[in-house]
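Visitor: I am new to this structure and would like to be shown around. Please start with the sheet and then turn to the empty spaces.

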Amino acid sequence: MSETAEPILEVRGVHKLFDGRQVLNDISLMVAPGETVVILGPSGCGKSTLLRVIIGEYTPDAGHVYLWGEDVCCAGPERLDKVRQRFGILFQSGALYSSMTVGENVALPLQEHTDLDAQIIEMVVKMKLELVGLRDFENLMPNQISGGMRKRVGLARAIARDPEILFYDEPTAGLDPIATSVIDQLIIDLRTKLGVTSIVVTHDMKSALRIGDRIAMLYNGEFIAIGAPDDFRDPTDARVRQFVEGLADGPIPLRVSKTDYLSDLLGIEKQDRP
Amino acid sequence: MSATSFVRLLERVGAQGEGLLTYLGGLGYLTLDALKHTLVGLVTRPRIKANETFFQMVRLGVRAVPIISLVQFFVGMTLSFTLAPVLSDYGQLDQLATVIAKAVFPQLGPLLASVVLTGFAGAAIAAELGTMVVGEEIAALRTSAIHPIRFLVVPRVIACILMTVALTVLANIVGTTGGGVIAYLVLDIDPWQYYHTAIDALIVKDVATGLIKGGIFGFIIVIVACYEGLSVSGGAGGVGRATTNSVVRAIFLIIAANCVFTALFYFVW
């Protein structure tokens, strides 16, 4: 079997419960090398949880996650570490190390996992920061730069060791339209120029249509649609349509409480209402 | 007392006991983890960062020198004032230095230095690590295959143990000197006589047990602080709770350990 036919990431039958609530229900997904897969969905649908299960932060209650054929869920710490050195993650807030400068943040993966000497590391840091447009910011602390800049530094750190897969958790959340386009273009460039596989969790529809090779929509812990961006431009499923077009009314409810409103307000049981 | 309320009392006592055992067990696991990573980090790459360890030593120890000196100086002076009348009554005022040295070197030096350091260093470590947990920095480290224990805990453990021993030495000297200052200024005891009496009175056991206990207390401070910090949940409130708990619990464990080790040295040395 040729290398290119093997999926680089395979999620098989993953279930995850939190406090008895089923957050992920029988999730399966295969990602080919070099693909950009976008995982979409309304808030609270389980997308961040799915991402954390894939990177090994959470253990699923059932099912498996295979990265390069290695089962992430039951790998020992050494094998898990080897897998983790081959991917990079951009967390929603950037998750920069607040006690280190921008330059030190980007340099850390290189210092910890390679034998490169300090001058080379400095060069690589400059290269990665140049890619995200922040080359002169090395000596600033994370709390001295804006949220959007922190995300870009987080991306520079995630690509410091040229990983084969990149995971993005809401990369464009809270960014202005220009910064959003910049990040989108970076994600596309990383695929076209470096062949990086990208898994992007987002609820930005525009970004998703722009960057995705395939889009998977998650709702209530299940995939309700998986396909190419064109399939999402005129969807048949009412829930998908509501999300894609950004409609307030539709099958996806705004209010999620399960009790009767008037009874709750008046503090009486439903059958006792006048 | 009725049967049900007695059972409920038993349940509560049992729950507290279980909680304590779970806590000590958690500290034990963290200790073993830290030990493993220290040994591994001395031999294989990635090594323990010496720079980071020195930085922590300055932050946790060197910066505490003024406050510990002040505290111990006051303690020494207070001891002089307290003991002088009692010793006078027995005509033993010339033995003031003996009593002070015997009180400070094995007991008050390590104990009070550690209690001050718990507030100074322990709270800071717990707050820092707790804030890192809340800001997803620990998750970022873990998922980039940088082990948080090796990267964060080990340098702090090494730094805190070394600095607590060093600060115990300082505390012992400053405390005894504080007593000597009052002995000279108020009680007309010649400083050289005070010094020689103190030196003659001290035996190896006094100094050694004080230093050993200092090391143990330093370990308690840092391991409790790291445990509390790394198990934070619940945002800023959680960080606040962790900071308070790290100080209160460490002080309790230090005082309990002091009693245990003093008793041990009494019987065994």
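What follows is a short set of questions and answers on strands, a cavity and pockets.

Guide: This is a predicted model, in which local features need pLDDT of at least 70 and side-chain atom pairs count only at pLDDT 80 or more, while totals for chains, interfaces and linings use all residues. Residues are numbered from 1 along each chain as its sequence is written, chains are lettered from A and ligands numbered from 1 in the order in which they are written, and side-chain values use heavy atoms, without hydrogens and water.

Visitor: Which strands are the edge strands of the open sheet in chain A?

Guide: Strands here are DSSP runs of E with at least two residues, helices are runs of H or I with at least four, and both are numbered from the N terminus. Two strands pair if DSSP finds at least two bridges between them. The sheet has 6 strands in the order β6-β7-β8-β3-β9-β10 (chain A), with mixed pairing. Pairing on one side only marks the edge strands, β6 and β10 (222–227) of chain A.

Visitor: In which sense do β9 and β10 of chain A pair, parallel or antiparallel?

Guide: Strand β9(A) covers residues 214–219. A:Tyr219 stands opposite A:Glu222 in β10(A). Over 5 bridges, the sense of the β9(A) and β10(A) pair is antiparallel.

Visitor: What is the volume of the largest cavity?

Guide: On a 1 Å grid over the protein atoms alone, a cavity is a set of points where a 1.4 Å probe fits but cannot get out; a pocket is an open set with protein on both sides within 12 Å along at least five of seven lines, and lining residues have an atom within 4 Å of a point. Grid points are joined across faces, edges and corners, and a volume is the space filled by probe spheres set on the points. The count is 1 cavity of 30 Å³ or more. The largest cavity has a volume of about 210 Å³.

Visitor: Which element gives the largest share of the lining of the largest cavity?

Guide: The lining has 19 residues, and those closest to the centre include A:Phe87 and B:Ser144. Elements that give two or more residues include α5 (147–158) of chain A and α5 (137–143) of chain B. With 4 residues, the largest share comes from α3(A).

Visitor: How much space lies in the largest pocket?

Guide: The largest pocket is lined by 30 residues, and among the closest to its centre are A:Met100 and B:Lys49. The space in the largest pocket is about 700 Å³.
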